[in-house]
Amino acid sequence: EVRLLLIRHLCPRFLYPGRRHVGQYDLGVLRLGEIPANEELDWFSIPSLWIASRRLRHQRPDVLLLQWWTSAMAHNYLLLARRAKQLGCSVVIELHELRDVGEHGIPFASTYTHLMMSRLARHCDGVIVHSKADVQAVSVQYPALSRLPSAVIFHGPQEHGNETASLPPQTASSRRALPGIDSSLPIRFLYFGVIRPYKGLADLVRAFGTLVQERLPVHLTIAGEPWTHSDQTLAELRKCDAKHYTTFLQYIPDNQVTALFRECDILVAPYRRVSASGPISMAMGAGMPIVTTRLPALVEACDGYNGVEWADVASPVSLAAAMRRAIGRVGGTYHNPHSWDTNADRYLTFFSEILAGTQTARA
């Protein structure tokens with residue numbers, strides 16, 4: 001039996017670049033059928049915490065799984081974890097990011113996060129991360145968590161089903177829908193997601209410029225909302241003929257994502273650092289070729305996926321070479337080694353181990 005206790009306000013809006021899109025969707029967007037869901041938690045509202053604590057007391061779950069995104073929720077999680085332990089519930093924390101990348105520039109955020117995490121760890125029974133590399137990173141950044149049992153569970157396929165909306169017509173030229181390669185169409189590379197420096201857009205623009213100079217039939221679509229100053233990078237892109245690129249510098253609604261991936265041939269994800277990647281999960285779900293950087297977390301996530309071309313980190317030259325190689329993969333569809341059924345088994349196995357350990361400790 002699964003129940004969801006969702007967060008209505010995850011962090012202070014004025015600190016969140018994507019605040020224009022917060023709260024646009026109701027619970028129906030989750031498409032979770034009969035699973036009960038309550039959107040009650042709030043980073044600053046004491047009444048919401050009291051309601052959540054009362055619900056926890058009434059439901060008395062075996063496991064409380066806390067989703068860690070940002071330290072703004074640390075105080076709520078600490079109090080809920082304490083309450084859960086009082087009720088005899090095991091607590092597991094799942095780290096999607098060890099620390100939200102936007103918190104690096106906030107004064108005292110690191111100190112606060114370390115302090116709260118060390119206290120929260122005292123009430124946790126296990127940790128879930130999305131790569132083996134993060135197991136080591138957790139032990140370095142949060143030593144208090146290193147004593148806990150851990151599990152590595154990769155992101156499952158990310159799909160946006162039942163979508164009807166399409167992007168403007170200038171992007172429509174799907175090659176993968178064709179039985180063969182049409183040489184009259186350019187090879188369409190896709191860069192997708194929130195634009196932030198660590199995602200390597202500057203490296204991609206330089207690499208793509210090289211391919212254009214070589215007169216290869218290529219096109220680059222950049223789709224995502226800039227959360228950082230990127231004018232200089234985009235100015236370099238505009239040195240190319242406009243026919244070679246399309247930009248959608250905005251938030252891409254869920255109902256347009258599938259169309260976007262279908263209309264492009266190759267995903268390029270030139271990260272400089274990463275714990276996991278949503279766009280790569282989407283590309284593997286679509287079976288399309290991927291160009292990405294040889295970071296430990298990505299090597300693990302793409303293990304068993306035969307459609308990847310690897311590039312060195314922060315190297316436009318190596319990235320351009322990987323993009324050239326990926327052109328030869330266009331038209332192929334690749335098997336995604338990850339599945340939600342496999343992930344469900346891993347969660348259940350880990351929870352069972354945690355519960356068995358808790359019962360042994362009590363005995």
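**Exercise 1. Determine whether Asp42 is buried or exposed, and describe its salt bridge.**

Asp42 has a relative accessibility of 2% and therefore counts as buried, since the cut-off for that class is under 20% relative accessible area. This value, like the others below, is computed from a predicted model. The next step is to look for the partner of this side chain, which is Arg8: the two meet in a salt bridge with a distance of 3.5 Å from N to O. Asp42 belongs to strand S2 and Arg8 to strand S1, so the pair ties together parts that are 34 residues apart in sequence. Arg8, with a relative accessibility of 35%, counts as partly exposed, so that this salt bridge joins a buried acid to a partly exposed base. In total, the structure holds 10 salt bridges.

**Exercise 2. Work out the strand order of the open six-stranded sheet, and explain which strands stand at its edges.**

Begin with the order, which reads S9-S8-S7-S10-S11-S12, with parallel pairing. Strand S9 (245–248) and strand S12 (308–311) each have a single partner strand and stand at the edges, so one side of each lacks a neighbour in the sheet. On average, and with direction ignored, neighbouring strands of this sheet are turned by 20 degrees against each other. Turning to one pair inside the order, strand S7 (residues 187–192) and strand S10 (residues 266–269) run parallel and are joined by two bridges; Leu190 has Leu267 in S10 as its bridge partner.

**Exercise 3. Identify the strands that helices H5 and H10 touch or lie across, and give the angles.**

Take helix H5 (residues 201–213) as the starting point: this helix lies across S7, strand S8 (218–223) and S10, and runs at about 160 degrees to S8. Helix H10 (residues 316–327) also packs on the sheet, where it touches S7, S8, S10, strand S11 (290–293) and S12, and its direction makes about 165 degrees with that of S12.

**Exercise 4. Find the salt bridges that Glu309 forms with Arg325 and Arg329, and place each residue in the chain.**

With Arg325, Glu309 forms a salt bridge in which the closest N and O atoms are 2.9 Å apart. This pair links distant parts of the chain, because Glu309 lies in strand S12 and Arg325 in helix H10, 16 residues apart. At 12% relative accessibility Glu309 counts as buried, whereas Arg325, at 42%, counts as partly exposed. The side chain of Glu309 also meets that of Arg329 in a salt bridge of 2.8 Å, N to O. Here Arg329 lies in the loop between H10 and helix H11 (340–362), 20 residues apart from Glu309 in strand S12, and Arg329 is partly exposed, with a relative accessible area of 21%. A further group, made up of Asp203, Arg206, Glu236 and Arg272, is linked in a network of salt bridges.

**Exercise 5. Locate the nonpolar surface patch that contains Ile35, and explain how Ile35 meets the accessibility requirement.**

The patch is formed by Val2, Leu32 and Ile35, which together have about 230 Å² of accessible area. Ile35 lies in the loop between strand S1 (4–9) and strand S2 (37–42). A patch residue needs over 30% relative accessible area, and Ile35, being partly exposed, has 34%.

Technical notes:
Residues are numbered from 1 along each chain as its sequence is written. This is a predicted model: local features need pLDDT of at least 70, side-chain atom pairs count only at pLDDT 80 or more; totals for chains, interfaces and linings use all residues. Side-chain values use heavy atoms; hydrogens and water are left out. Two strands pair if DSSP finds at least two bridges between them. Helices (H or I, at least four residues) and strands (E, at least two) are DSSP runs, numbered from the N terminus. Axes are lines fitted to C-alpha atoms, for helices over the stretch in contact, and angles run from 0 to 180 degrees between N-to-C directions. Contact means heavy atoms within 4.5 Å. Patches are made of residues with over 30% relative accessible area and no salt bridge: like charges are joined within 9 Å, nonpolar side chains (Val, Leu, Ile, Met, Phe, Trp, Tyr) within 5 Å. Accessible areas come from the Shrake-Rupley method with a 1.4 Å probe; for residues, only the protein chains shown count as cover. A salt bridge is a side-chain nitrogen of Lys or Arg within 4 Å of a carboxyl oxygen of Asp or Glu. Buried means under 20% relative accessible area, exposed over 50%, partly exposed in between (1.4 Å probe, protein chains only).
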